[in-house]
Amino acid sequence: MARKVNELEYAEKRAEILAAARRLVYTKGYERLTIQDILAELQISKGAFYHYFASKQALLEGLIEEIQREGEQLFAAIVRDPSLPTLTKLQRFFDAANSWKSAQKEYLLALMRVWYDDDNALVRQKARARLTRLLVALLTEVVEQGHAEGALTTPFPDMAAEVAVALLLGLGEAIAQLLLFQPPAEVLARGERLAAAYNDALERVLGAPAGSLHLMDRAALAEWCLDDEARAAAD
């Protein structure tokens, strides 16, 4: 029993540090955030912080894992809804992902600026591997359902989810690179083309009817690269 209590206390304290870091990322940005800021926010010692996180890079990994867990809960609820047919389920999955990301856009953008730094390559690789496993497990369930319903005609039902996830992550990384390194107008124009190309590839991989799925529309993309006035004009 004592061990379980200790594990619970450890998890709660770690979550408290992550919550404080998340609040500070919103107000200061991740690059300007220091470990001392977190110590001051929580009134804890440096030793206490390092008991849970070996470095600021480990903290970044923890923040990303937290985001992934939140997404997993959201997506699993959709994937495992027995009332939804396959194509509806897939579209709700994509729509929910877009809405969820948009709702915390400023936070994700703040992390994105350091996420693609060379110093974080190993953390990035580990996070991508974890996210791949998570999404493949969820989409495999949908592909199996779709194959049974006849809604998806892929000749590779055992591999389609893995290829589909590679496409989804590839699109996300391509859009992130545009947001980081291209002017807003170019992000919108090229992003639309990218989304359309990945969308076409995804439908082919899954054997879904052409035009039945929409990964990201113009309005969702505009949320990321334009201000309010420009988004209204784009709509």
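**View 1. The end of helix α9 and the residue after it, G207, in a predicted model.** G207 follows α9 and has a positive phi, near 75°. The helix itself covers residues 184-206, which makes 23 residues. From its first C-alpha to its last, α9 reaches 32 Å. At 1.5 Å a residue, the expected value is 33 Å, and the helix comes close to that.

**View 2. The buried residues of helix α9.** Which residues of α9 are buried? They are V187, L188, G191, L194, A195, N199, L202, E203 and L206. The list includes N199 and E203 as well as several leucines, among them L188 and L194. L206, also buried, belongs to the helix that G207 follows.

**View 3. L109 in helix α6.** Helix α6 spans residues 105-115, and L109 is part of it. Is L109 buried or exposed? Its relative accessible area is 14%, which is under 20%, so L109 counts as buried. Apart from neighbours within four places in sequence, L109 is in contact with L179 and W224. A176 lies 67 residues away from L109 along the chain, yet the C-alpha atoms of these two residues are separated by 8.8 Å.

**View 4. E61 in helix α4.** E61 sits in helix α4, which runs over residues 56-79. The relative accessible area of E61 is 18%; this is under 20%, and therefore E61 is buried. Which residues does E61 contact, once neighbours within four places in sequence are left aside? The contacts of E61 are V123 and K126.

Technical notes
Residues numbered from 1 in each chain as written. Predicted model: local features only at pLDDT ≥ 70, side-chain atom pairs only at ≥ 80, totals over all residues. Heavy atoms only, no water. Helix = DSSP H or I, 4+ residues; strand = E, 2+ residues; numbered from the N terminus. Buried < 20%, exposed > 50% of the residue type's maximum accessible area, 1.4 Å probe, protein only. Contact = heavy atoms within 4.5 Å. Expected span 1.5 Å × (residues − 1).
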